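Notebook open, coordinates loaded. I want to look at one helix pair and then go through the cysteines.

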Amino acid sequence: MKSPMFLCTYVSPDGIACQESISEKGVCFWHNTQKEKTSAEIKFHLEEKTKKQQPMCGFHLVKADLSDAFIMETDLSHANLTRANLSDGHLFGINLRHANLFKANLSHANLKEAHLEGANLLGVTLDKTDLERVHWGKNKHVINHHEADILNKQGNTQAANIKYLEAEEIYRNLRKCYETAGTADIAGEFFYLEMVAKRKQMPLFSLTRMWSKLVDLLCGYGEIPYRIIFSSIIYIVFNAILFGILGLKYEGQIYRFNTEASFYENLVLFGNATYFSVVTFTTVGYGDFTPLGMARVFAATEAFNGAFMIALFILAFVKRMTR
């Protein structure tokens, strides 16, 4: 008499149940965390499952040797691939959402159009890995970054900083990989995230963190030049309003906003104040308008900041274009 067969009890967080048949209740060989998957036959079995389009969600494949494996478009979401060897692997379109790839070897692997949303990529080897058109999820944030944000909101700063440090390391690793591949635009995005993760490790009200945040707002660490244009416009208009309030002198006559003046007259004054703000910001300074009183302090500050922001824009623009 044959013994009854059961199905593996594993169900992935996405609700996909394992279809492996087993002789007793529990989890199958692939989901059993106590069973080693280091034998040479493991790659063969996974390739066979790939050919049959069988899902492999949550497979426990710690230290598995999958070098040069053909497991394209396979569903290995939530799998544990800690220290697995996937070098030279043919992994086109593979689903590795929320997989644990801690210190896995992905050198020379083809990961085109792979799904890596929420995957743990800490310590992963990416030597000449093909990451073209990889799906990273919203804002390209890695899972360590998400976890750090949650811990930060809970007030656990120490644990959050550890996760931010991990995220910084992962972003740096990905940036270098994309730079080697010549994909400068995506490398720039990961450089930006690397700098954000680095900033969030700094003390909240420290000068270094505030300066880093200012650079982010102004130009996105050199990766978002258009922010400088918008920041400059806002700054110019803000100073124009101040000059209109504090007063400007032209040909011996003083001009200020006046509630008794008509809307048109105040609008003309605002136009003149904007003109003065622009020539001050760009350090042209024709000398036709003269600031009065405290307006001189704001004019001097605007001239200094204008020179800085113009230089910053040129630097960021050249950095983007030379790539």
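Started with how H2 passes H3: the crossing comes out left-handed. I'm reading this off a predicted model, so no experimental coordinates here.

Next I checked the geometry of the pair. H2 covers residues 143-153 and H3 covers residues 157-181; their axes come within 8 Å and cross at roughly 160°. An angle over 145 degrees counts as roughly antiparallel, so I logged H2 and H3 as roughly antiparallel to each other.

Then I pulled the residues that make the contact. H2 puts in Asn144, His145, Glu147, Ala148, Asp149, Leu151 and Asn152. From H3 I got Thr157, Ala159, Ala160, Lys163, Tyr164, Glu166, Ala167, Ile170 and Tyr171. Sorted by class, the contact of H2 with H3 has eight nonpolar residues, plus four polar and four charged ones.

Moved on to the cysteines. How many disulfides does a search of the whole structure find? Zero. I looked at Cys18 in particular: its nearest cysteine sulfur belongs to Cys8 and sits 3.9 Å away, and Cys18 is in no disulfide. The cut-off for a pair of sulfurs is within 2.5 Å.

Is Cys18 buried or exposed? Buried, I noted, because its relative accessible area is 9% and the limit for buried is under 20%.

Last one was Cys57. Why no bond from Cys57 to the closest cysteine sulfur? That sulfur is in Cys18, 8.8 Å from the one in Cys57, so it is too far for a bond. Cys57 also goes down as buried, at 4% relative accessibility.

Notes: Residues numbered from 1 in each chain as written. Predicted model: local features only at pLDDT ≥ 70, side-chain atom pairs only at ≥ 80, totals over all residues. Heavy atoms only, no water. Buried < 20%, exposed > 50% of the residue type's maximum accessible area, 1.4 Å probe, protein only. Axes fitted to C-alpha atoms, helices over the stretch in contact; angles between N-to-C directions. Helix = DSSP H or I, 4+ residues; strand = E, 2+ residues; numbered from the N terminus. Parallel < 35°, antiparallel > 145°, perpendicular 65-115°, else oblique. Left-handed = near helix turned anticlockwise from the far one by under 90°. Contact = heavy atoms within 4.5 Å. Nonpolar A, V, L, I, M, F, W, Y, C, P; charged D, E, K, R; others polar.
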